[in-house]
Amino acid sequence: MINLDFERVDMRNLSPEDMENGLKDNKFMFEINHTLPMSEEYNELLKDFFGDNLGENSMIVAPIAGAALSHLKVGKNVFINSNSLLMARGGITIEDDVLMAANVQLLSNNHDEYDRQVLTCKPIHIKKGAWIGAGASILAGVTVGKYAMKKLCFYICISINNPNS
């Protein structure tokens with residue numbers, strides 16, 4: 001399912017709060033990407049940064065890259081393997097029991113094709129029990145259904161073939 005309603009964010013007019021959150025994201029990603037995965041220190045960094053937005057028994061394996069990570073909500077028993085790209089400006093919701101292989105990209109924002117300083121944002125929603133295969137890219141506005149198994153080409157093809165996206 002694709003949501004065709006865009007939110008627009010002008011990067012030239014970010015609020016002080018947005019700027020502060022960007023620095024916080026960068027600091028977190030640097031720290032987590034330089035900490036031994038699965039260690040007590042690593043787990044504490046995840047808990048401290050995500051708080052209630054990271055469900056019980058969930059793990060995100062470094063390296064992690066992304067932006068607007070405060071817009072990322074992860075359910076219980078979720079596993080996100082290494083080298084994830086989490087561009088969450090449009091919002092990313094991952095329900096319980098989701099598995100994501102390595103090198104998955106969740107891209108809830110993109111640049112306007114005429115004004116590159118404007119981000120076009122739509123939420124991504126990955127429903128309970130879905131499995132996202134290695135290297136998959138999930139684009140803005142996409143909902144992955146309950147217990148679905150998805151790979152890269154499916155989402156790219158939908159985006160290219162949809163004249164409204």
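# A tour from helix H1 to the loops

Start by selecting Asp25, which lies in helix H1; helices (H or I, at least four residues) and strands (E, at least two) are DSSP runs, numbered from the N terminus. This is a predicted model, in which local features need pLDDT of at least 70 and side-chain atom pairs count only at pLDDT 80 or more, while totals for chains, interfaces and linings use all residues. Residues are numbered from 1 along each chain as its sequence is written, and side-chain values use heavy atoms, with hydrogens and water left out.

**Stop 1: Asp25.** Asp25 is buried and has no salt bridge. Buried means under 20% relative accessible area, exposed over 50%, and partly exposed in between (1.4 Å probe, protein chains only). A salt bridge is a side-chain nitrogen of Lys or Arg within 4 Å of a carboxyl oxygen of Asp or Glu. Show Lys24 as well: it is the nearest side chain of opposite charge, 6.6 Å away from Asp25. In this charge assignment Lys and Arg count as positive and Asp and Glu as negative; His and the chain ends are not counted. Then add Phe49, Ala67, Ala68 and Leu69, which are in contact with Asp25 (heavy atoms within 4.5 Å) when its neighbours within four places in sequence are left aside.

**Stop 2: the rest of H1.** Select residues 16–33, the range of helix H1. At 1.5 Å a residue, the 18 residues of H1 should span 26 Å, and its end C-alpha atoms are 26 Å apart, which agrees. The expected span is 1.5 Å times one less than the number of residues. Colour Asp25, Phe28, Met29 and Ile32, which are buried in H1. Seen down the axis of H1, its buried residues fall within an arc of 95 degrees, so they line one face of the helix; the arc is that of the directions from the helix axis to the C-beta atoms. An α-helix has 3.6 residues a turn, so residues three or four places apart point the same way. On the face turned away from the buried side, H1 carries the exposed residues Pro16, Glu20, Leu23, Lys27 and Phe30. The cover over the buried residues of H1 includes H2 and S3.

**Stop 3: helix H2.** Move to residues 40–50, where Tyr42, Leu45, Leu46, Phe49 and Phe50 are the buried residues of helix H2. Viewed down the axis of H2, these fall within an arc of 100 degrees, so they line one face of the helix. They pack against H1, S2, S3 and S4. Rotate to the other side of H2 to find Glu40, Glu41, Lys47 and Asp48 exposed. Just after H2, select Gly51, which takes a positive phi of about 55 degrees.

**Stop 4: Asn53.** Asn53 lies in the loop between H2 and S2 and is partly exposed, with a relative accessible area of 22%. Measure from its C-alpha atom to that of Leu72: the two residues are 19 apart along the chain, and the atoms are separated by 6.9 Å. Not counting residues up to four places away in sequence, Asn53 touches Ser70, Leu72, Lys73 and Val74.

**Stop 5: three backbone features.** Select Ala62 and Pro63, which are joined by a cis peptide bond with omega about 0 degrees. Pro63 is in the loop between strand S2 (59–60) and strand S3 (64–67). Next, go to Asn77, in the loop between strand S4 (72–74) and strand S5 (79–80). Asn77 is not a glycine, but its phi is positive, near 60 degrees; at 35% relative accessibility, Asn77 counts as partly exposed. Finish at Tyr147, in the loop between strand S15 (143–144) and strand S16 (149–150). Tyr147 has a positive phi of about 60 degrees although it is not a glycine.
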